[in-house]
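Visitor: I have a structure here and many questions about its words. Could you walk me through it?

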Amino acid sequence: ERVRQTVQNGLRILIRVDYARGQCLPPADDYTALGAYLDYLRRLTRDERLKDVYGYIIGSGCNASGSNTLALGQPVTPEWYARVFNGYGADPLQRDNVVETIRLENPTVRVLVGPVRPWVSDQSGAKIYQIDVPWLNYMNTLVSAIDASAAANDALGLASSAPDGFALQAPGRPDAAEFEGR
């Protein structure tokens with residue numbers, strides 16, 4: 001009902017899809033969990049009540065330890081995120097990834113990379129950014145891996161597996177005293 005009313009009011013709906021509370025994506029290298037996550041996404045994108053959803057944000061803050069509490073010691077690395085998102089490192093003909101799962105069910109919905117948490121040093125990435133800080137290295141590595149996978153698909157003439165965009169982590173202070181009554 002809320003989705004229907006929001007769309008009727010001219011707004012676009014974005015839905016963030018985490019694996020579980022405290023776990024942004026399936027634990028690293030857990031293909032059983034990946035299968036369950038993709039099945040869930042398939043059900044969401046088939047759900048008639050959600051047909052007007054504008055896009056799905058895949059996970060959030062995967063570079064932060066607090067976003068990986070179900071699989072301690074198995075962080076969602078940039079490479080694993082890209083594997084889950086668009087098949088990075090897998091055979092391009094293998095279809096078990098988020099982008100291809102969602103687009104198979106609803107080719108018009110947008111698929112967004114979840115935000116990387118800024119200023120978090122819990123994880124870094126192999127591709128060092130020009131400003132060498134962990135969260136920027138994570139993002140640089142993530143973008144590079146997603147781009148490499150999309151390029152591999154494009155080279156084979158497969159449907160694009162590039163993201164439709166990147167979500168941003170934009171914390172605010174809506175309860176701050178200076179905004180009271182506004």
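Guide: Gladly! Contact means heavy atoms within 4.5 Å. This is a predicted model, where local features need pLDDT of at least 70 and side-chain atom pairs count only at pLDDT 80 or more, while totals for chains, interfaces and linings use all residues. Residues are numbered from 1 along each chain as its sequence is written, and side-chain values use heavy atoms, leaving out hydrogens and water.

Visitor: What makes α3 a mostly covered helix?

Guide: Buried means under 20% relative accessible area, exposed over 50%, and partly exposed in between, with a 1.4 Å probe and protein chains only. In α3, residues 78-86, 8 of the 9 residues are buried; among them are Trp-80, Tyr-81 and Phe-85. Helices (H or I, at least four residues) and strands (E, at least two) are DSSP runs, numbered from the N terminus.

Visitor: Which elements do the buried residues of α3 pack against?

Guide: They pack against α2 (31-46), β2 (55-58), α4 (98-105), β3 (110-113) and α5 (134-155).

Visitor: Why are α2 and α3 called oblique to each other?

Guide: Axes are lines fitted to C-alpha atoms, for helices over the stretch in contact, with angles from 0 to 180 degrees between N-to-C directions. Those of α2 and α3 cross at roughly 45 degrees and come within 11 Å. Angles under 35 degrees count as roughly parallel, over 145 as roughly antiparallel, 65 to 115 as roughly perpendicular and the rest as oblique. The two helices are therefore oblique. Their contact is made by Tyr-31, Leu-34 and Tyr-37 of α2 and Trp-80, Arg-83 and Val-84 of α3.
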